[in-house]
Amino acid sequence: MRDYEVLPMPQQVGELFRRYEGNPILTADDWPYPCNSVFNPAAVRLDTGETLLLVRVEDHRGVSHLTVARSPNGLTDWTIDPEPTLVPDPEHWPEESWGIEDPRIVWLEEMGCYAVTYTAFSEEGPAIALALTEDFRTFERRGLLMPPEDKNGMLFPRKIGGYWVLLHRTSSTRRETHPAIWLSRSPDLRHWSGPRVVLRPRPGIWWDHVRIGAGPPPIETPEGWLLIYHGVRTTVAGDIYRVGMALLDLENPTRVIRRVPGWILGPRAPYERIGDVPNVVFPCGYVLDGDTLRLYYGAADTCVAVAEARLSELLDWLLNGHYDGQARG
């Protein structure tokens with residue numbers, strides 16, 4: 001029995017995000033200390049009105065750490081921490097011996113702090129780790145949430161049914177043919193339930209047929225949780241990373257209400273097509289300003305870029321446009 005529906009050819013609207021004309025907004029040349037590349041930032045708007053990015057920085061060994069960059073308007077005049085903000089600590093946390101990567105940030109109102117989920121890398125493979133912070137200067141590491149091999153982990157901003165909820169994805173190095181997005185629950189951010197599948201890659205030659213993974217933390221709207229995710233298609237020239245979206249039920253986020261058929265952002269600009277890993281747009285963070293959704297993403301594993309869309313337009317397309325059916329777990 002199929003876990004998807006085959007529907008008529010959907011209406012095409014093209015890409016729904018508009019790139020900032022000043023892209024890329026951050027590159028290795030902007031960094032106050034030597035590094036190879038900067039990419040895949042988490043994002044949050046602070047109470048001061050500043051936009052804070054927690055950027056993945058790869059050094060000249062190929063090992064990644066995280067560094068804070070701040071901007072008064074989220075686009076220009078960035079101030080970057082003069083030294084790395086969060087570095088691997090393999091002596092105390094051996095799962096970080098090969099680096100820490102691809103953070104996501106969410107404010108946990110109930111705990112009065114920010115939660116940073118990130119990929120801890122070691123010879124055992126990638127795993128999802130958690131650190132808590134109030135100021136992005138000191139961090140309380142909580143260790144692994146999910147063991148290897150797992151990545152693309154992000155928390156929902158509030159409890160659902162009395163539980164914290166985590167989206168994550170088994171790594172593509174496992175033997176599963178098509179790694180999917182899964183959901184796990186926890187009463188205390190330490191003990192987690194067995195996962196349930198939320199969204200699967202589509203079969204055939206779809207743009208997201210090889211693997212998918214959640215992007216920034218889900219956005220709560222009256223219609224449901226807006227999930228922005230990345231999908232991968234393999235071509236004769238290599239993999240292409242693009243961005244799609246789906247809508248999840250507010251109180252049962254394992255239920256997919258809608259899923260857009262086509263991608264809403266894909267590598268087209270030179271800085272997205274040429275780099276250490278070509279043809280990649282990889283979002284990990286967003287800032288919402290009224291109806292304007294600003295999506296921060298890594299481009300070609302080399303630099304940081306930003307694109308904007310109207311949240312109302314995204315929801316209108318999800319709710320009223322044609323779609324290809326929902327992936328059921």
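## A four-stranded sheet

Two strands are said to pair if DSSP finds at least two bridges between them, and in this predicted model four bridges join β10 to strand β11, residues 164-170, the two running antiparallel. Within this pair, Met154 stands opposite Leu167 in β11.

The two strands belong to an open sheet of four strands, in the order β10-β11-β12-β13, with antiparallel pairing. Because β10 (150-155) and β13 (196-199) each have a single partner strand, they stand at the edges, and one side of each is left without a neighbour in the sheet. From one strand to the next, the twist averages 35°.

## The largest nonpolar core

The largest nonpolar core has 28 residues, and those with the most contacts inside it are Phe17, Met245, Tyr297 and Leu314. Two or more residues are given to this core by each of β16 (224-235), β17 (238-248), β20 (292-299), β21 (303-310) and α2 (311-320), and the largest share, five residues, comes from α2.

When its neighbours within four places in sequence are left aside, Phe17 is in contact with several residues, among them Ile228, Ile264, Leu293, Ala307 and Leu314.

## Asn23 in its loop

Asn23 is found in the loop between β1 (18-19) and β2 (37-45), and this residue counts as buried because its relative accessible area is 11%, where the cut-off for buried is under 20%. Leaving aside neighbours within four places in sequence, Asn23 is in contact with Tyr271, Tyr297, Ala305 and Val306, and its side chain reaches the backbone oxygen of Val306 at 2.9 Å.

Asn23 and Val198 are 175 residues apart in sequence, and their C-alpha atoms are 33 Å apart in space.

Key:
Residues numbered from 1 in each chain as written. Predicted model: local features only at pLDDT ≥ 70, side-chain atom pairs only at ≥ 80, totals over all residues. Heavy atoms only, no water. Axes fitted to C-alpha atoms, helices over the stretch in contact; angles between N-to-C directions. Core = buried A, V, L, I, M, F, W, Y, C linked by side-chain atoms within 4.5 Å. Buried < 20%, exposed > 50% of the residue type's maximum accessible area, 1.4 Å probe, protein only. Contact = heavy atoms within 4.5 Å. Polar contact = N/O pair within 3.5 Å; in protein donor to acceptor, adjacent residues only side chain to side chain.
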